[in-house]
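User: I'm in my first year and still learning to read protein models. Could you take a close look at the big sheet in this one and walk me through what sits around it?

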Number of protein chains: 2
Amino acid sequence: MTDQMNCITLAARPQGAPKDSDFKLEMRDIPTPGDGEVLVRVHYMSLDPYMRGRMDDAKSYAEPVPIGGIMEGGGVGEVIASNHPQFSTGDMVFGMFGWTTHGVQHGTMLRKLPDGMPITTALGVLGMPGFTGWYGLTEIGKPKEGETLVVAAATGPVGSMVGQIAKSRGLRTVAIAGGAEKCKLATATFGFDAAIDHRAFDDARSLRKAIAEAAPDGIDIYFENVGGKVFEAVLPLMNRFGRIPVCGMISGYNTGALGGTAGEGPDKFPVFWRTLLVKHLLAQGFIISNHWDRFAEFVGEVAPLVASGKIAYLEDIAEGLDNAPGAFMGLLEGRNVGKQIVKLI
Amino acid sequence: MTDQMNCITLAARPQGAPKDSDFKLEMRDIPTPGDGEVLVRVHYMSLDPYMRGRMDDAKSYAEPVPIGGIMEGGGVGEVIASNHPQFSTGDMVFGMFGWTTHGVQHGTMLRKLPDGMPITTALGVLGMPGFTGWYGLTEIGKPKEGETLVVAAATGPVGSMVGQIAKSRGLRTVAIAGGAEKCKLATATFGFDAAIDHRAFDDARSLRKAIAEAAPDGIDIYFENVGGKVFEAVLPLMNRFGRIPVCGMISGYNTGALGGTAGEGPDKFPVFWRTLLVKHLLAQGFIISNHWDRFAEFVGEVAPLVASGKIAYLEDIAEGLDNAPGAFMGLLEGRNVGKQIVKLI
């Protein structure tokens, strides 16, 4: 009998927010690695908002997960069999194994983890989310000393990277977060100059007033990772020549009509277009998977800062694959605190 | 008795499209130039879509014209008195004199016209509109050989510059214009590879189909200068990593609710935001008056191309200041063919 692994498959396409019955815990045969392939025992897997988009059958920047297919995602683990010359049993690697205890990938699709850092960092602060924040802020946001930055989901792995890199470059940083606890973390742990609890405001107008008080010189960079009410609140506060990196938006992931990747934004498109024009704003979307050529540069710059404690990070670790769906639903509702990870071993 | 000049003032703020009674032809004393100032007899004045925005009392990138104030605008004319050392009687200059036969400006606000070119070119192909097209295309659009460009109002002074510069850099160029005559001009005079009459299509969807046929490889640059139906048609056809310079939009100038500077665009903001994200689009607004530091470079590059006939231009010249309001209303409706100018002398 072939050895078995556990995995979670997509049982049904969610209508709105995913529910338990959209996922299925299954046992399957552990695949045998072919030529050039590597078999990995996954120790930790990542949960990220983009996965909600993969559950819909809508045209997006990536293929949807098929019904019955293993949920997509990244993980870190140990090589337990290798047919690739660059990997040996015992190596710790990152790969897109999916929501599964074991996975096979071609060696060219794997990344060896650096020594000396906790392996979970490869899923958050030194992985895709941290890289997303670093790339979007530096390449599109182009931060300049003395400017003001606003970022939402500010205690998450993207937002906290954005805030800390901006702060280190001499910007005033304003966090938007959900709840008093996260606001406290934003200032105490991640060094934001101010933090605003968006849940304390019913509408964009009152939220805007609070943001305006926290950003008395206006906003030069709005790092857009949530959409919705926050963006509507922020737009009129943007300074001339402001920049808006747009990296995917959690607030719209559950709205099926949009294919799961857009927030609500301002009431009307023309309001946005006019603001873009009269204030010379730049808005640019980016999907981080097109920029892996910059990843080594990111790690080279940021890993020492993480190692020395100059860049802080938080992880929220769920236990066991069977808890992954619940943790994922919590993530979409903002119930996690820090990078959401699932421990598998 | 002081000598008199004719001018056109703003009599009332328009509700929607301007009408005759919103303007008033007046005689006023010719102002006396003070220290450092220069008095100019205006020969030709420019009419441009942005002037519609100045007629509204809405917050924009420039102050509105006050009721009873002279309508704003640029013109070219002859110096008839100078208290500035760099200008002498007889010099031909460009300045923001307004809708008037005579104007006084400080010498620092005037630009001497180059020899050897018709002076009207300083209002169009070698003036603000041509510069707008050149700057937006090259600085924001960043055209690359083999790409496809779409521009609306393609026979106007901005659109025709955009199309010709793009063509000279090896792009496929697609014109959107209003009416068969302008479409013919777009291809025959301005060298567009294809031209589409937007009036032949009732809705964005059918217009989109026509644009898709003219741009079989998709659109890499959409130079946005009209907004409305055209942008809605274009958006889904944008290629990944496409660029959208946004330079002011004629289709929205008459909609008072928007302050006169925005088109309609896609049905919903989230559709735009999602497209921006998943296709890595860049959208950037610009107001050309912030970029005069690049004007000399523009003239240096483009004036020889105009002189040699490699860049064509069209002018639509109305006769007499009293015809300026009618010509301006025609401009907003697209009735002009080429750069709209008023001859004053």
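Analyst: Here is a walk along the sheet, followed by a few stops elsewhere.

First, the ground rules. This is a predicted model, where local features need pLDDT of at least 70 and side-chain atom pairs count only at pLDDT 80 or more, while totals for chains, interfaces and linings use all residues. Residues are numbered from 1 along each chain as its sequence is written, chains are lettered from A in the order in which they are written, and side-chain values use heavy atoms, leaving out hydrogens and water.

Now the sheet. It is open and has 12 strands, in the order 10(A)-9(A)-8(A)-11(A)-12(A)-13(A)-13(B)-12(B)-11(B)-8(B)-9(B)-10(B), with mixed pairing. (Strands are DSSP runs of E with at least two residues, helices are runs of H or I with at least four, and both are numbered from the N terminus; two strands pair if DSSP finds at least two bridges between them.) At the edges you'll find strand 10 (194–197) of chain A and strand 10 (194–197) of chain B, each pairing on one side only. From one strand to the next, the twist averages 15 degrees. (Axes are lines fitted to C-alpha atoms, for helices over the stretch in contact, and angles run from 0 to 180 degrees between N-to-C directions.)

Zoom in on one end: strand 9 (residues 172–177) of chain B runs parallel to strand 10 of chain B, and 4 bridges join them. There, Ile176(B) stands opposite Ile196(B).

Helices pack here too. Helix 2 (residues 128–141) of chain A touches strands 8, 11, 12 and 13 of chain A, and its direction makes about 145 degrees with that of strand 11 of chain A. Helix 7 (residues 269–278) of chain A lies across strand 13 of chain A as well as strands 12 and 13 of chain B, at about 65 degrees to strand 13 of chain B.

Chain B also has another pairing to look at. Its strand 1 (residues 4–10) is joined to strand 2 (residues 23–29) by 7 bridges, and the two run antiparallel. Met5(B) has Arg28(B) as its bridge partner in strand 2 of chain B. Of the 7 residues in strand 1 of chain B, 5 are buried (buried is under 20% relative accessible area, exposed is over 50%, partly exposed is in between, using a 1.4 Å probe and protein chains only).

One last stop is Val306(A), in helix 8 (residues 295–307) of chain A. Val306(A) is buried, at 7% relative accessible area. Leaving aside neighbours within four places in sequence, its contacts (heavy atoms within 4.5 Å) include Met117(A), Leu126(A) and Tyr313(A).
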